[in-house]
Structures are given as C-alpha cells and as structure tokens.
Amino acid sequence: MSLNKVMLIGNLGKDPEVNTFESGVKKVSFSLATSEKYKNKEGQVVEATEWHNIVCWNKLAEIAETYLHKGKQVFIEGKIKTRSWEEDGKKRYITEIEATNFQMLGSAGEGGYSSKASGTGSSGYSNSGGYENDKTTEKTKIDPPKTDENDDLPF
C-alpha cells in the first residue's frame, strides 16, 4: 500500500499560465508560496518561503483560470508528480503538485474569494466531483487528465 497526497495553503506567486492542447485538454499551471517562521540560533525570527509548482487539468483548470490570480490565498490538495524531458542535450526534471481539488481562502479584499451564494467566504473545487461548497453541491463529470506522451512541451 502507498499514499501520494499533498495539502498546501499558500499564495499564488503569479497569474496562472493556460495551455490548451489540440485534443481540447486544458492545463493551468502556477507557482504557490508557502511560508513558515522559526527562531534561529541567535533567537531572531526568520521566515522561510518554499515555492511549489502547481498543475490543474480539465474542468479544474478552467475554474483556476477564471478565479485564481497572483496573490490569492488557496488551499490545494493533490499529488506529487515528477516529469523529465530532454533539452539542449541535457535531461531536465521538474517536480509538480497535480491538484485534485482546491479551495479559495480569505475574502475578495484579501486576495481570496467570497461566495455570494453560500455566504461562507470560501468555495472549493474538485477535479473528481465538480463544484463543492458548504451549502451547494453541483456534481459534474470530469474526465481524468489526458497527456500525450509524444508532446515535446517541457511542462
């Protein structure tokens, strides 16, 4: 038995980049910053920021494209994926978080999202079940990510 699950809360470092493949499959990627504070040996508070590469596919990608923007705070659930490709005769690698769902946090003024329909201050989106929020559940069928192994794109 094994488990590959990631949960992150952070802020978008840039607006999502959108790619639509010939097959119609949509991919959205963006960077997410997570930070933690700790005291160093001298007792000074230090903040360390970690950057994560996030990828969303299909319906989840469409929702991310519409609602996520630089600075927004978001909770991401997903799995770690590592890809490799050849570039200039060198093998390159990238580790990404493939989002399976996300929830926008905060209010509209804080870089988050406020759902007028629910009044909860946040809404969640899932690649496996459609739209989810506290008071409304609207299930839609979402196809799993489709990738073309012959793609020469390095992402």
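**Exercise 1. Is N58 buried or exposed?**

Task: work out the burial class of N58, then look at its backbone.

Solution. This is a predicted model, so treat each value here as computed from that model. Start with the area: the relative accessible area of N58 is 12%. The cut-off for buried is under 20%, so N58 is buried. Next, place the residue: N58 sits in helix α1, which covers residues 58-67. Last, check the backbone: phi of N58 is near 55 degrees, a positive value in a residue other than glycine.

**Exercise 2. Find D88 and give its burial class.**

Task: run through the steps of the N58 exercise for D88, starting from phi.

Solution. Phi of D88 is near 55 degrees, and this too is a positive value in a residue that isn't glycine. Now the location: D88 lies in the loop between β5 and β6. For the area, D88 has 72% relative accessibility. Exposed means over 50%, so D88 counts as exposed.

**Exercise 3. Get your bearings in the fold.**

Task: say how many helices and strands the protein chain has, and in what pattern they come.

Solution. Count the elements to begin with: there is one helix and there are nine strands. Then walk along the sequence, and the pattern reads β-β-β-β-α-β-β-β-β-β. For burial over the whole chain, 37% of the 155 residues count as buried. Finally, turn to contacts in the chain with a separation of 6 or more: residues 24 or more positions apart account for 52% of them.

**Exercise 4. Track down the salt bridges.**

Task: state how many salt bridges the structure holds, then describe the pairs E77 with K5, E17 with K14 and R83 with E96.

Solution. A word on the chemistry before the pairs: side chains of opposite charge can pair when their charged atoms come close. The total is seven salt bridges.

- Step one, E77 and K5: their side chains meet in a salt bridge at 2.8 Å, N to O. The partners come from distant parts of the chain, with E77 in strand β5 (residues 73-87) and K5 in the segment before β1 (6-12), 72 residues apart. E77 has a relative accessible area of 14%, so it is buried.
- Step two, E17 and K14: this salt bridge also spans 2.8 Å, N to O. E17 has 41% relative accessibility and counts as partly exposed. K14 is partly exposed as well, with a relative accessible area of 35%.
- Step three, R83 and E96: the closest N and O atoms of this salt bridge are 2.9 Å apart. The pair links distant parts of the chain, R83 being in strand β5 and E96 in strand β6 (residues 90-104), 13 residues apart. R83 counts as partly exposed at 23% relative accessibility, whereas E96 counts as buried at 8%.
- Step four, the network: salt bridges link K79, K81 and E98.

**Exercise 5. Classify the aromatic pair.**

Task: find the aromatic pair and say what kind it is.

Solution. The count comes to one aromatic pair. Its members are F21 and W57, whose ring centres are 6.2 Å apart. The ring planes are at 20 degrees, and planes under 30 degrees apart count as stacked, so the pair is stacked. This pair, too, joins distant parts of the chain: F21 is in the loop between β2 (17-20) and β3 (26-39), and W57 is in strand β4 (residues 45-57), 36 residues apart. As for burial, F21 counts as buried at 17% relative accessibility, and W57 counts as buried at 8%.

**Exercise 6. Describe the second largest pocket.**

Task: give the volume of the second largest pocket, then say which residues lie nearest its centre.

Solution. The volume is about 160 Å³. The second largest pocket is lined by 13 residues, and those nearest its centre are K14, S29, N53, I94 and E96. Two of these names have come up before: K14 forms a salt bridge with E17, and E96 forms one with R83. Now sort the lining by element: β3, β4 and β6 are the elements that give two or more residues. β3 gives the most, with four residues. To finish, sort the lining by residue type: five are nonpolar, three polar and five charged.

Notes: Residues are numbered from 1 along each chain as its sequence is written. This is a predicted model: local features need pLDDT of at least 70, side-chain atom pairs count only at pLDDT 80 or more; totals for chains, interfaces and linings use all residues. Side-chain values use heavy atoms; hydrogens and water are left out. A salt bridge is a side-chain nitrogen of Lys or Arg within 4 Å of a carboxyl oxygen of Asp or Glu. Buried means under 20% relative accessible area, exposed over 50%, partly exposed in between (1.4 Å probe, protein chains only). Rings of Phe, Tyr and Trp (its six-membered ring) pair if their centres lie within 6.5 Å; planes under 30 degrees apart count as stacked, over 60 as edge-to-face and the rest as tilted. On a 1 Å grid over the protein atoms alone, a cavity is a set of points where a 1.4 Å probe fits but cannot get out, and a pocket is an open set with protein on both sides within 12 Å along at least five of seven lines; lining residues have an atom within 4 Å of a point. Grid points are joined across faces, edges and corners, and a volume is the space filled by probe spheres set on the points. Ala, Val, Leu, Ile, Met, Phe, Trp, Tyr, Cys and Pro count as nonpolar, Asp, Glu, Lys and Arg as charged, and the others, Gly among them, as polar. Contact means heavy atoms within 4.5 Å.
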